[in-house]
Amino acid sequence: MEPVRVGLVGLGRIGRFHAGNLAGRIPRVELVRVVDADEEIARKIARGLGVSGWSTRYEDLLEDPGIEAVVIASPTPLHAGMVEAAARAGKHVFCEKPLSLDMERTHEVVRAVRSAGVRMQVGFHRRFDPDYRAAREKIAGGDIGEVYLFRTSLRDMRSPGFDYIKGSGGFFADVTLHDFDTARWMIGEIEEVTAFGAALSDPGFEEVGDIDNAVVALRFVTGALGVVDNSRVAGYGYECSSEVMGSKATLRIDDHRRFAVQTLTPGRMCQDYVSDFVERFAEAYRREMEHFAAVVRGEVDAKPDGADAAAAFALARAAERSYRKGRTVRLVPVERDGEVLYEEVG
């Protein structure tokens with residue numbers, strides 16, 4: 001079978017990681033061209049990965065008839081326009097989250113992809129992590145009984161810097177978005193969001209109108225409760241851990257160590273932590289790209305898709321409103337044309 005021919009735009013940290021996977025770790029895939037606004041970076045990455053083509057123009061990917069699909073890892077403000085351009089060019093799309101920092105624009109992108117008849121997968125990598133997938137299968141299989149509580153912690157070791165934060169769309173759209181998608185995917189739709197946030201580590205967060213720590217309480221349509229805690233400045237390392245408590249059993253996902261080795265000394269026990277999300281979810285990112293290749297070949301459905309991205313973003317906006325207004329935001333999930341849309345109540 002001929003390999004899926006892919007082009008990638010955006011060679012920041014996650015773009016480089018995706019490029020490395022596509023260039024040598026995914027069966028039946030050929031990374032044909034990489035694109036970045038910085039010519040030196042594009043040339044260097046292409047040469048290092050043995051990729052034949054590089055460019056500073058996104059149009060070069062779209063105009064190449066041999067490229068079937070594009071991976072978009074560019075800065076968030078560029079996502080919507082790039083997805084629409086790829087759809088018009090008949091290219092299947094993988095796009096990092098979020099699709100846009102505007103709700104209506106997000107829906108426009110989803111409609112454009114559907115109208116063009118191409119497939120789009122969105123970058124919620126946790127869905128491809130072996131531990132999270134195993135936990136979801138146990139929940140779906142009834143192994144833990146009725147779900148009572150969903151809890152998750154997502155903590156970065158250090159802030160990415162204020163230049164990034166200014167264009168990130170805010171804490172909840174940038175950080176908590178992954179937790180909202182995980183909550184929907186594992187437990188179900190959400191009807192109440194109550195968010196608390198604070199800027200604690202640096203006055204610069206307040207100066208740019210953002211926060212560095214947050215706690216979000218959820219109520220699912222089933223009646224189950226949820227708690228999300230996030231931090232940009234945990235200090236000790238990167239952590240992404242979750243727990244689901246049910247009537248029969250409780251599941252815990254807590255794989256944030258490089259090695260399963262504990263160091264014991266008198267009166268003390270030490271163990272290491274990973275430093276960032278790429279290290280923790282390396283296998284998930286590889287499987288994510290493998291799934292996208294199968295999507296392009298028509299072997300599997302494009303999930304998570306644009307509708308999932310829109311739903312998670314709607315929840316992030318609800319959390320932002322809750323935090324700013326100091327009140328619970330109540331939502332009604334409405335299914336239309338196979339998609340779930342969130343409408344605020346009151």
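User: Where is Pro-98 found?

Analyst: Pro-98 sits in the loop between β5 (92-96) and α5 (103-116). Those labels come from DSSP runs, numbered from the N terminus: a helix is H or I with at least four residues, a strand is E with at least two. Before we go on, this is a predicted model: local features need pLDDT of at least 70, side-chain atom pairs count only at pLDDT 80 or more, and totals for chains, interfaces and linings use all residues. Residues are numbered from 1 along each chain as its sequence is written, and side-chain values use heavy atoms, with hydrogens and water left out.

User: What kind of peptide bond joins Lys-97 and Pro-98?

Analyst: The general idea first: most peptide bonds are trans. Here the bond between Lys-97 and Pro-98 is cis, with omega about -15°. Another cis bond links Lys-303 to Pro-304, with omega about -5°. Pro-304 belongs to the loop between α11 (282-296) and α12 (306-325).

User: What is phi of Arg-28 near?

Analyst: Most residues other than glycine have a negative phi. Arg-28 isn't a glycine, yet its phi is positive, near 60°. You'll find Arg-28 in the loop between α1 and β2 (29-35). Its relative accessibility is 35%, so it counts as partly exposed (buried is under 20% relative accessible area, exposed is over 50%, partly exposed is in between, with a 1.4 Å probe and protein chains only).

User: How many residues of α12 are buried?

Analyst: That's 14 of the 20, so α12 is largely enclosed by the rest of the structure. For helix length, the expected span is 1.5 Å times one less than the number of residues. α12 reaches 28 Å from its first C-alpha to its last, close to the 28 Å expected. At the N-terminal end, Asp-305 acts as a cap: one of its side-chain oxygens lies 3.1 Å from the backbone nitrogen of Ala-307. After α12 comes Gly-326, with a positive phi near 70°.

User: What span should α8 have, and how far apart are its end C-alpha atoms?

Analyst: α8 (residues 171-186) has 16 residues, so at 1.5 Å a residue it should span 22 Å, and its end C-alpha atoms are 22 Å apart, which agrees. There's a kink to look for too: α8 bends by about 50° at Leu-177. That bend is the angle between axes fitted to the seven residues ending there and the seven starting there. α8 is mostly covered, with 16 of its 16 residues buried. The helix is followed by Gly-188, whose phi is positive, near 140°.

User: What volume does the largest pocket have?

Analyst: About 1200 Å³. Of the 43 lining residues, the closest to the pocket's centre are Arg-13, Ile-14, Tyr-164, Asp-174 and Phe-277. A pocket is found on a 1 Å grid over the protein atoms alone: it is an open set of points where a 1.4 Å probe fits, with protein on both sides within 12 Å along at least five of seven lines, and lining residues have an atom within 4 Å of a point. Points are joined across faces, edges and corners, and the volume is the space filled by probe spheres set on them.

User: Which helix gives the most to the lining of the largest pocket?

Analyst: α8 does, with three residues. Helices α1 (13-24), α4 (79-88) and α8 each supply at least two. By type, the lining divides into 20 nonpolar, 12 polar and 11 charged residues. Here Ala, Val, Leu, Ile, Met, Phe, Trp, Tyr, Cys and Pro count as nonpolar, Asp, Glu, Lys and Arg as charged, and the others, Gly among them, as polar.

User: Is Glu-239 buried or exposed?

Analyst: Glu-239 is buried, with a relative accessible area of 9%. This residue is in strand β11 (residues 239-246). Its side chain makes polar contacts with the side chains of Tyr-236, at 2.4 Å, and Ser-241, at 2.8 Å. A polar contact is a pair of N or O atoms within 3.5 Å; within protein, one must be able to donate a hydrogen and the other to accept it, and residues adjacent in sequence count only if both atoms are side-chain atoms.

User: Where does Tyr-238 lie?

Analyst: In the loop between β10 (225-231) and β11. Tyr-238 is buried, at 3% relative accessibility. Sequence distance and space distance are worth reading together: Tyr-238 and Phe-277 are 39 residues apart along the chain, with their C-alpha atoms separated by 6.7 Å. Phe-277 is also among the residues closest to the centre of the largest pocket.

User: How far apart in space are Lys-91 and Ile-67?

Analyst: They are 7.5 Å apart, C-alpha to C-alpha, and 24 residues apart in sequence. Lys-91, in the loop between α4 and β5, is buried at 5% relative accessible area. As another example, take Ala-140 in helix α6 (residues 130-140). Ala-140 counts as exposed at 66% relative accessibility, and its C-alpha is 26 Å from that of Ala-293, 153 residues away along the chain.
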